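Here are a few exercises to work through with the model open. Try each one yourself before reading the solution.

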Amino acid sequence: MKRSDLRALILEDEEALMDVFKKVLKSIGIKNIDEAINEQEALSFLDKKSPYELFLLDTYGPCSFGPNFLKKARKLGYESKTIAMSSDTNAVDLWVNESKADYFIEKPFDINKLKRIVIQEFPEA
């Protein structure tokens, strides 16, 4: 599958970071990006659209808790590759062991690390 055919969902409450994440994904060919600023909005996308190949999820936000969203998405059958993010280093265990995220990136994050992970998981076909 080409990266241009992938669908990504970003859960991030900070507008500036949301813009950075979208730019990074677009720079490596991902064009189909939905964005949510809270858990409820993110969950609403799961009912209305076809499967997502990639989730990019923040840990904490107003009315939002990324790990809860991921657990609910998994229960609905979404096996999307998941990159979790947080400035709280204690969140690693929560994401990786409890919520089963595929990757954890500490904020502030390295843009090149994010790109490497996505390119590694989704090489061009």
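**Exercise 1. Which residue is the bridge partner of Phe55 in strand 6?**

Before we start: this is a predicted model, where local features need pLDDT of at least 70, side-chain atom pairs count only at pLDDT 80 or more, and totals for chains, interfaces and linings use all residues. Residues are numbered from 1 along each chain as its sequence is written, and side-chain values use heavy atoms, with hydrogens and water left out.

Step 1. Find the elements: helices (H or I, at least four residues) and strands (E, at least two) are DSSP runs, numbered from the N terminus.
Step 2. Look across to strand 6: the bridge partner of Phe55 there is Thr82.
Step 3. Zoom out a little. Strand 3 and strand 6 run parallel and are joined by five bridges.

**Exercise 2. Work out the strand order of the sheet.**

Step 1. Two strands pair if DSSP finds at least two bridges between them.
Step 2. On one flank of strand 3, four bridges join it to strand 1, again in parallel; here Leu11 has Leu57 as its bridge partner in strand 3.
Step 3. Strand 6 also pairs with strand 7, parallel, over four bridges, and Met85 finds its bridge partner in Ile105 of strand 7.
Step 4. Put it together: five strands make an open sheet with parallel pairing, in the order 2-1-3-6-7. Strand 2 and strand 7 (103-106) are the edge strands, each pairing on one side only. From one strand to the next, the twist averages 15°.

**Exercise 3. Are the residues of strand 3 buried or exposed?**

Step 1. Set the cut-offs: buried is under 20% relative accessible area, exposed is over 50%, and partly exposed is in between (1.4 Å probe, protein chains only).
Step 2. Count: five of the five residues in strand 3 are buried.
Step 3. Check both sides. Leu54, Leu56 and Asp58 point one way, Phe55 and Leu57 point the other way, and all are buried.

**Exercise 4. Describe the two sides of helix 1.**

Step 1. Helix 1 covers residues 15-27, so 13 residues, and reaches 18 Å from first to last C-alpha, close to the 18 Å expected (1.5 Å times one less than its number of residues).
Step 2. List its buried residues: Leu17, Met18, Phe21, Lys22, Val24 and Leu25. Seen down the axis, they fall within an arc of 160° (taken from the directions from the helix axis to the C-beta atoms), so they line one face of the helix.
Step 3. Flip to the other side, where Glu15, Ala16 and Lys23 are exposed.
Step 4. Ask what covers the buried residues: the list includes strand 1 (7-11), strand 2 (32-36), strand 3 (54-58), strand 6 (81-86) and helix 5 (111-121). Contact here means heavy atoms within 4.5 Å.
Step 5. Just past the helix, Gly29 has a positive phi, near 105°.

**Exercise 5. Which residues touch the most other members of the largest nonpolar core?**

Step 1. A nonpolar core is a set of buried Ala, Val, Leu, Ile, Met, Phe, Trp, Tyr and Cys residues joined through side-chain atoms within 4.5 Å.
Step 2. The largest has 22 residues, and Leu25, Ile83, Leu114 and Val118 touch the most other members.
Step 3. Helix 1 gives the most to this core, with five residues.
Step 4. Pick out Val118: leaving aside neighbours within four places in sequence, Val118 is in contact with Leu25, Ile28, Ile30, Leu54 and Ile83.
Step 5. Another core, of 19 residues, lies apart from the largest one, and Ala42, Tyr52, Ala101 and Phe104 are among its members.

Note on methods: Axes are lines fitted to C-alpha atoms, for helices over the stretch in contact, and angles run from 0 to 180 degrees between N-to-C directions.
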